[in-house]
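Reader: Could you walk me through the pockets here, please?

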Protein chains: 2
Amino acid sequence: MRNILKEKGFKITPARLAILQAFTKNKLPMSAEDVCKKIKSKKINEVTVYRTLSSLEKGGILKRVDLRKDSVYFELADQHHHHIVCTNCNMIEDFKNLEIEKAIEKVWKNIITKSSKFKSIREHSLELFGLCRMCM
Amino acid sequence: MRNILKEKGFKITPARLAILQAFTKNKLPMSAEDVCKKIKSKKINEVTVYRTLSSLEKGGILKRVDLRKDSVYFELADQHHHHIVCTNCNMIEDFKNLEIEKAIEKVWKNIITKSSKFKSIREHSLELFGLCRMCM
DNA sequence: TTCTGCTTGCAAATGATTTGCATTTAGTAT
DNA sequence: ATACTAAATGCAAATCATTTGCAAGCAGAA
């Protein structure tokens, strides 16, 4: 974890370690508020959490996830995957699927050769929305 | 347009007509702010725009789109499609692809039979992020 | 045309996130 | 180990998007 920070040129601070630790423990996407709760024992200021999330995102350590919530969610950028979100209770499950990745890649290669507007695709997001067993 | 509103049990009001008109003209996703700009000649209050977007979404006429922006975007719900977003200038292009839809459907059918947590998937979003020709 | 409830506008509240500034601290050079 | 500097933090206040309360207005049914 320290190495990850060093590689990206970040100073190693208690706040950053605590926040990264929270993400490695939790795996699922978290908002600034979620992170604050997870690390509340560390007495790290809310503003620091926002700033840290933002800089870790810029550094490519975290990435932003869009889950149709009213606040911004982040997760570790280390491994690409997608989510299923319960639109009622907000439970989140991760999933990976090679076929989908292939299909998406095929599409965007197709798009950048045909589109008059776009020339390069760098990433994509795919989220499924539904109801979990509990909420059905 | 009036019929759409009537079908869903909405009263026909200048604000709703103006907002729906803006969406049918523009095609691309818009935030509340975007909508306000488009219909500024109609002197419709910002709060009304927010309320209208929200109720049209509940009525299934609009749907929310997740574009990693800091405000919420909506578009007409009438036809399912996906987007390519320029992460620099925010230009948006729509696309449809039958293969992708099939692959996604396959995946979520697979998921709901296997997942211990999820039982039904109702919708999905797929967005591509990259750079447009101008921004490259 | 009258009535009733849904809609709207305005002002103010709220919630999430950002900024200014003074203080502290990590990493580096001494 | 010590001193130094830029980056990181905490606190208060500001900002931005969105929501709410309430009184007035308007659409659609009778």
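Author: Happily, and a definition comes first: on a 1 Å grid over the protein atoms alone, a pocket is an open set of points where a 1.4 Å probe fits, with protein on both sides within 12 Å along at least five of seven lines, and lining residues have an atom within 4 Å of a point. Points are joined across faces, edges and corners, and a volume is the space filled by probe spheres set on them. This is a predicted model, in which local features need pLDDT of at least 70 and side-chain atom pairs pLDDT 80 or more, while totals for chains, interfaces and linings use all residues. Residues are numbered from 1 along each chain as its sequence is written, and chains are lettered from A in the order in which they are written.

Reader: What is the volume of the largest pocket?

Author: Taking the space filled by the probe spheres as the volume, the largest pocket comes to about 560 Å³. Its lining has 24 residues, and the closest to its centre include A:Arg68, A:Phe129 and B:Glu123. The volume, once more, is about 560 Å³.

Reader: Which element gives the largest share of that pocket's lining?

Author: Strands here are DSSP runs of E with at least two residues, numbered from the N terminus. Strands E4 (82–86) and E6 (118–132) of chain A each give two or more residues, as do E2 (62–65), E4 (82–86) and E6 (118–132) of chain B. The largest share, 6 residues, comes from E6(B).

Reader: Between which domains of chain B does the second largest pocket lie?

Author: This pocket holds about 290 Å³ of space. Domain bounds come from an automatic or database domain assignment. Both domains give residues to the lining, so the pocket lies between domain 1 (1–78) and domain 2 (80–136) of chain B.

Technical notes:
Heavy atoms only, no water. Helix = DSSP H or I, 4+ residues; strand = E, 2+ residues; numbered from the N terminus.
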